[in-house]
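Hi,

Here is the model I promised to pass on. Have a look at it first, and then read my notes underneath.

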Amino acid sequence: QVQLVESGGGLVQAGGSLRLSCAASGRTFSSYAMGWFRQAPGKEREFVAGISRSGSSTYYADSVKGRFTISRDNAMNTVYLQMNSLKPEDTAVYYCAAGRKYSGSFVYTAWYEYDYWGQGTQVTVSS
């Protein structure tokens with residue numbers, strides 16, 4: 001069982017930055033691929049960024065590529081999402097997720113590939 005707790009959300013002006021953190025419980029954090037998803041009101045949850053177990057591989061949605069950076073610190077059981085050049089359309093609840101359905105250094109991009117989810121943190125970008 002893995003418990004995930006996100007933090008770092010808030011209100012920011014367009015063009016600003018935020019860094020989200022997701023702290024994981026347990027001693028098996030490094031065995032999980034991690035990801036960030038977001039859900040805006042009236043929209044489906046969408047993939048934002050993912051990172052492999054070791055951190056050697058990352059993948060981003062086209063909408064955030066070049067602006068967001070995912071990273072992890074396995075010693076601290078934490079995954080981060082650095083968000084720069086924020087836009088109003090980035091406004092959503094952001095969720096982190098952990099999964100280990102597959103062996104190897106994969107990045108998971110689909111919600112059903114993840115086993116555990118955090119409670120979410122609100123990010124609001126004003127224009």
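Below is what I found, going from the whole chain down to single residues.

One thing up front: this is a predicted model, so please read everything here in that light.

**The chain as a whole**

The chain has 0 helices and 11 strands, so you can read the element order from the N terminus as β-β-β-β-β-β-β-β-β-β-β. For 127 residues, a compact globule would have a radius of gyration near 14 Å, and the 14 Å of this chain agrees with that. Along the principal axes, the C-alpha atoms fill a box of roughly 40 × 25 × 25 Å.

Buried residues account for 44% of the 127. The exposed surface comes to about 6400 Å², with carbon and sulfur atoms supplying 48% of it. If you take the contacts between residues at least 6 apart in sequence, 59% of them join residues at least 24 apart.

**Strand β9 and its partners**

If you open one element first, I'd pick β9, residues 92-99. Because 7 of its 8 residues are buried, β9 is largely enclosed by the rest of the structure. Here is how β9 pairs:

- With β4 (residues 33-39), β9 runs antiparallel over 7 bridges. One of the residue pairs to look up is Arg-38, whose bridge partner in β9 is Tyr-94.
- With β11 (residues 121-126), the sense is again antiparallel, over 3 bridges. Here Tyr-94 has Thr-121 as its bridge partner in β11.
- With β10 (residues 116-117), β9 shares 2 bridges, also antiparallel. Ala-98 is matched with Tyr-116 of β10.

So Tyr-94 turns up twice, bridged to Arg-38 and to Thr-121. A general reminder for when you look along these strands: side chains in a regular strand alternate between the two faces of the sheet.

**The disulfide**

How many disulfides are there by the distance rule? The count is 1 disulfide, and it joins Cys-22 to Cys-96 with the sulfurs 1.9 Å apart. The pair links distant parts of the chain, with Cys-22 in β3 (residues 18-24) and Cys-96 in β9, 74 residues apart. The link is right-handed, with 40° about the S-S bond. Are the two cysteines buried or exposed? Both Cys-22 and Cys-96 are buried.

**Two residues worth clicking on**

Thr-121 sits in β11. At a relative accessible area of 11%, Thr-121 falls under the 20% cut-off and therefore counts as buried. Its side chain reaches the backbone nitrogen of Gly-9 at 3.3 Å. Leaving out residues up to four places away in sequence, Thr-121 touches Glu-6, Ser-7, Gly-8, Gly-9, Leu-20, Ala-92, Val-93 and Tyr-94. Tyr-94 is thus on the contact list of Thr-121 as well as being its bridge partner.

Leu-18 is in β3, the strand that also holds Cys-22. Leu-18 is buried too, with a relative accessible area of 15%. Beyond residues up to four places away in sequence, Leu-18 touches Gly-8, Gly-10, Val-12, Leu-81, Gln-82, Met-83, Leu-86 and Val-123. For a distance to check in your viewer, try Leu-18 to Tyr-60: they are 42 residues apart in sequence and 17 Å apart in space, C-alpha to C-alpha.

**Positive phi outside glycine**

You may want to look at two backbone spots if you check torsions. Asn-77 has a phi near 55°, a positive value in a residue other than glycine. Asn-77 lies in the loop between β7 (68-73) and β8 (78-83). Ser-85 is the other spot, with a positive phi of about 50° although it is not a glycine. Ser-85 belongs to the loop between β8 and β9.

Where do these two stand on burial? Asn-77 is buried because its relative accessible area of 16% is under 20%. Ser-85, at 40% relative accessibility, lies between the 20% and 50% limits and so counts as partly exposed.

That's the handover from my side. Shout if anything is unclear.

Cheers

Note on methods:
Residues numbered from 1 in each chain as written. Predicted model: local features only at pLDDT ≥ 70, side-chain atom pairs only at ≥ 80, totals over all residues. Heavy atoms only, no water. Helix = DSSP H or I, 4+ residues; strand = E, 2+ residues; numbered from the N terminus. Buried < 20%, exposed > 50% of the residue type's maximum accessible area, 1.4 Å probe, protein only. Disulfide = S-S within 2.5 Å. Pairing = 2+ DSSP bridges. Rg over C-alpha atoms; globule rule 2.2 N^0.38 Å. Contact = heavy atoms within 4.5 Å. Areas by Shrake-Rupley, 256 points an atom, 1.4 Å probe, with all protein chains shown as cover. Polar contact = N/O pair within 3.5 Å; in protein donor to acceptor, adjacent residues only side chain to side chain.
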